[in-house]
Amino acid sequence: MAKAKWLVEICGLPFTVCRLKLSPRVVIALLICGCLTLAACYKKPAAMPSDSQLKAYDTEQDWNDPQHLIPLNYLQAEGKRVFYNNCVWCHADTTPAGPSNRGNLTPTPALMDDGATLNGLSDEFMQNIITLGGSAMGRSAMMPPWGRTLTPDEIRAVVAYARAVAQPPYRPPSSRAKDAD
Ligand code: HEC
């Protein structure tokens, strides 16, 4: 019976208003206030992560566009960890600890997302220069060798990470060959 009582009360509202002798203007003002209060409580639902991001192990913010999150698979996510532990100091402009060392180096190391420079290098060359260092590859010795610090899997992972964040995007040789048909 509680429901019926509630209904009676709601239906009786106009009479109550009449009995209080509220002018229509006051009633309208009260209604508007009520609506505004309700509108203020309404929250926009938070943006849902896209499907590919739900499946990803991690994401990386696009270095040039903070609105764009790049989903990372397992290997790329592992590479992100390797990168921020070892390479960020020379291959990015900012690091989690502040400005990087990149501007002090000659030659200036490529940014790890610099697709224009890195997309043209084969995975094999990338792995070799990371493992053996710049001087072993006829490049600057300012690029240290990582073969004793990182495992071959970690080196493959950091290359996969560089490919994932590359701008312009990296296209593996197999997909490039398909376009040529
Ligand atoms: C102490 C600074 C320093 C650190 C740390 C460092 N690099 Fe480098 N890296 C360089 C420099 C300088 C070059 C440029 C060598 C040249 O062009 O002669 C370079 C070149 C490279 C290249 C070749 C790019 C090109 O332009 O041909 C790759 C790939 C690379 N580094 C990957 C890495 C990775 C991955 C890490 C972390 C595991 C790393 N580097 C850590 C300084 C560094």
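These legends go with a few views of a predicted model.

**View 1. The overall fold mixes helices with a few strands.**
Count along the chain and you get 9 helices and 4 strands. Starting at the N terminus, the order reads α-α-α-α-β-β-α-β-β-α-α-α-α. The protein has 181 residues, and 18% of them are buried. Of the contacts with a separation of 6 or more, 42% are between residues 24 or more positions apart.

**View 2. A shell of 22 residues sits around the ligand.**
Which residues come nearest to the ligand? They are Cys-87, Cys-90, Arg-139, Ser-140 and Met-143. By class, the shell splits into 16 nonpolar residues, 5 polar ones and 1 charged one.

**View 3. Helices H5 and H7 both help line the ligand.**
H5 covers 74-91 and H7 covers 123-132, and each gives at least two residues to the shell. The largest share comes from H5, with 5 residues.

**View 4. H7 also packs against H8.**
H8 spans residues 152-165, and its axis lies 10 Å from that of H7. The two helices meet at an angle of about 125 degrees, which means that H7 is oblique to H8. Their crossing is right-handed.

**View 5. A closer look at the contact between H7 and H8.**
On the H7 side you'll find Asp-123, Met-126, Gln-127, Ile-130 and Thr-131. H8 answers with Ile-155, Arg-156, Val-158 and Val-159. Sorted by class, this contact holds 5 nonpolar, 2 polar and 2 charged residues.

Notes: Residues numbered from 1 in each chain as written. Predicted model: local features only at pLDDT ≥ 70, side-chain atom pairs only at ≥ 80, totals over all residues. Near = placed C-beta within 6 Å. Nonpolar A, V, L, I, M, F, W, Y, C, P; charged D, E, K, R; others polar. Axes fitted to C-alpha atoms, helices over the stretch in contact; angles between N-to-C directions. Parallel < 35°, antiparallel > 145°, perpendicular 65-115°, else oblique. Left-handed = near helix turned anticlockwise from the far one by under 90°. Contact = placed C-beta atoms within 7 Å. Buried ≥ 20, exposed ≤ 12 C-beta atoms within 10 Å, placed from the backbone.
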